[in-house]
Amino acid sequence: MKNGDNADVKRIMLTSLSAMAAETTTFPIDLLKTRLQLHGVSIKPVSRAASAYSIAFQILRDDGVLGMYKGLSPAIFRHMFYTPIRIVGYEHLRRNFVSDNSASFYSKALIGGISGAIAQVIASPADLIKVRMQADSRAVSQGLQPRYSGLFDAFTKIIRAEGLVGLWKGVAPNVQRAFLVNMGELACYDHAKRFIVNNQICNDNIYAHTLSSIMSGLSATALSCPADVVKTRMMNQASSGESKIRYRNSYDCLVKTVKIEGFRALWKGFIPTWARLGPWQFVFWVSYEKFRHIAGLTSF
C-alpha cells in the first residue's frame, strides 16, 4: 500500500510537470482559439470573418509578444489540479474496473470521460479565469479597460461581484467538454499505443507515443469543439447589474450561436484547437512517458 501511495505521488508530480511544459509551449495557440471562438460576441461591430493569422497579428501589434501569454498563470495553475486528477484517475479506474490487455475502446472511453469530468469540476475556477484573462486582451484592442490585472485580482473580483459560485460559471458545458475531450484523448491514446505496440508497428517508444498523440488529438478535437465554443462563451460573460447576460444557459448559448452565426460556428477555432492539441499531447505524452521511465514507473 505504501509503495502504491509513493507511485501515485510520483505520477501526480510527473503529470503536473509534463502538463506545465506542454501548456507553456502551446499556450499562444490556445489564446488564438479562444479569441476565434469569441469572435462575433462583442459590444462593438466586428468583421464577419476572422482568421488565426489576423488575430495573431492584432495581438502582436497591440500587446506585443507577451500578449500571446495573457492568462498563462491561471492555465498553469489549472493543470496543477486538472491533469493529475484525470490521468491518475484514469489509471485507477482502468486498473480496478477493466483489464489493461483486454479492455474495449468503449470501456476506456467511458472511464476516460468520467475521470476528465471529475477533474474539470475541481479545476473549473482556474479555467474560467484563464478564459476571461485571454478575452481581456481582446477587450483592450477595442478600447476597453481589462477586467483583471492578474490571477489573484481575478479571483477576488469574481468572488466579490458574483459570489463563490461565480467561480463555477459555465461548469456544465465545461464538464461536458472535459468528458468528450478525455473520452477521445485518453481512450484513443491508450488504445492506439497498445495497437501499435501489439502489432509490432514499433516498440513502446517516442515513435509510438507520437503516433498515438496525433490520433488522440484529432479525435478529442472533433468531439469537443462544439462544447468548447459554448463553454468559452458562457465563461466569458460576467454576471453583474451593469451588463446584460447574453446567454441564459448552455442550451440557450448553443441555439443562439447556431441561429445567428450558423452551424459551422460550433467548430470555430477547430484548426487552432487541433494545432494546439497535437503539439500539446506530443510534448505531454513524450515527456510524461520519459519521466515515468526515469522514475522507475511502468509505461502509461
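**Start: Thr-15**

Select Thr-15: the residue is buried, at 0% relative accessible area. Buried stands for under 20% relative accessible area, exposed for over 50%, and partly exposed for what lies in between (1.4 Å probe, protein chains only). The model is predicted, so local features need pLDDT of at least 70 and side-chain atom pairs count only at pLDDT 80 or more, while totals for chains, interfaces and linings use all residues. Numbering starts from 1 along each chain as its sequence is written, and side-chain values use heavy atoms, with hydrogens and water left out.

Thr-15 sits in helix H1. Helices (DSSP H or I, at least four residues) and strands (E, at least two) are numbered from the N terminus. Now show what surrounds Thr-15. Leaving aside residues up to four places away in sequence, Thr-15 touches Thr-83, Pro-84, Ile-87, Phe-284 and Tyr-288. A contact here is heavy atoms within 4.5 Å.

**Zoom out: the whole chain**

Switch to cartoon. The chain has nine helices and zero strands. Of its 300 residues, 50% are buried. Among contacts with a separation of 6 or more, 78% join residues 24 or more positions apart.

**Aromatic pairs**

Colour Phe, Tyr and Trp. The whole structure holds 14 aromatic pairs. Rings of Phe, Tyr and Trp (its six-membered ring) pair if their centres lie within 6.5 Å; planes under 30 degrees apart are stacked, over 60 edge-to-face, and the rest tilted.

Go to Phe-27 and Tyr-69. Their rings are stacked, 6.3 Å centre to centre with 15° between the planes. This pair links distant parts of the chain, 42 residues apart: Phe-27 is in helix H1, and Tyr-69 is in the loop between helix H2 (52-63) and H3. Which of the two is buried, and which is partly exposed? Phe-27 is buried at 0% relative accessibility, while Tyr-69 is partly exposed at 31%.

Next, select Phe-263 and Trp-267. This pair is tilted, with 5.5 Å between centres and 55° between planes. Phe-263 is exposed at 54% relative accessibility. Trp-267 is partly exposed at 32%.

Then pick out one aromatic cluster: Tyr-90, Tyr-189, Trp-280, Phe-284, Trp-285, Tyr-288 and Phe-300. Two of its members, Phe-284 and Tyr-288, are already on screen as contacts of Thr-15.

**The largest cavity**

How many cavities of 30 Å³ or more does a search of the whole structure find? It finds two. A cavity is a set of points, on a 1 Å grid over the protein atoms alone, where a 1.4 Å probe fits but cannot get out; lining residues have an atom within 4 Å of a point. Points are joined across faces, edges and corners, and the volume is the space filled by probe spheres set on them.

The largest cavity encloses about 160 Å³. Select Arg-78, His-79, Tyr-82, Arg-177 and Arg-276: of the 15 lining residues, these lie nearest the centre. Helices H1 (2-38), H3 (72-97), H4 (105-141), H6 and H9 (270-294) give two or more residues each to this lining. H3 provides the largest share, four residues.

Colour the lining by class. Ten residues are charged, four nonpolar and one polar. Charged covers Asp, Glu, Lys and Arg; nonpolar covers Ala, Val, Leu, Ile, Met, Phe, Trp, Tyr, Cys and Pro; the others, Gly among them, are polar.

**The second largest cavity**

The second largest cavity has a volume of about 30 Å³. Its lining is Asp-30, Lys-33, Arg-177, Asp-228, Thr-273, Arg-276 and Leu-277. H9 gives the most, with three residues. By class, five are charged, one is polar and one is nonpolar.

**Thr-221**

Stay with Thr-273 and Leu-277. Both touch Thr-221, as do Phe-270 and Trp-274, not counting residues up to four places away in sequence. Thr-221 lies in helix H7 (residues 206-236) and is buried, at 0% relative accessible area. Where does its side chain reach at 2.7 Å? The target is the backbone oxygen of Gly-217.

**Last stop: Gln-200**

Move to the loop between helix H6 (171-198) and H7, and select Gln-200. At 71% relative accessibility, Gln-200 is exposed. Check the backbone: phi is positive, about 55°, although Gln-200 is not a glycine. Most residues other than glycine have a negative phi.

Technical notes. Polar contact = N/O pair within 3.5 Å; in protein donor to acceptor, adjacent residues only side chain to side chain. 1 Å grid on protein atoms, 1.4 Å probe; cavity = no way out; pocket = protein on both sides within 12 Å on 5 of 7 lines; lining within 4 Å.
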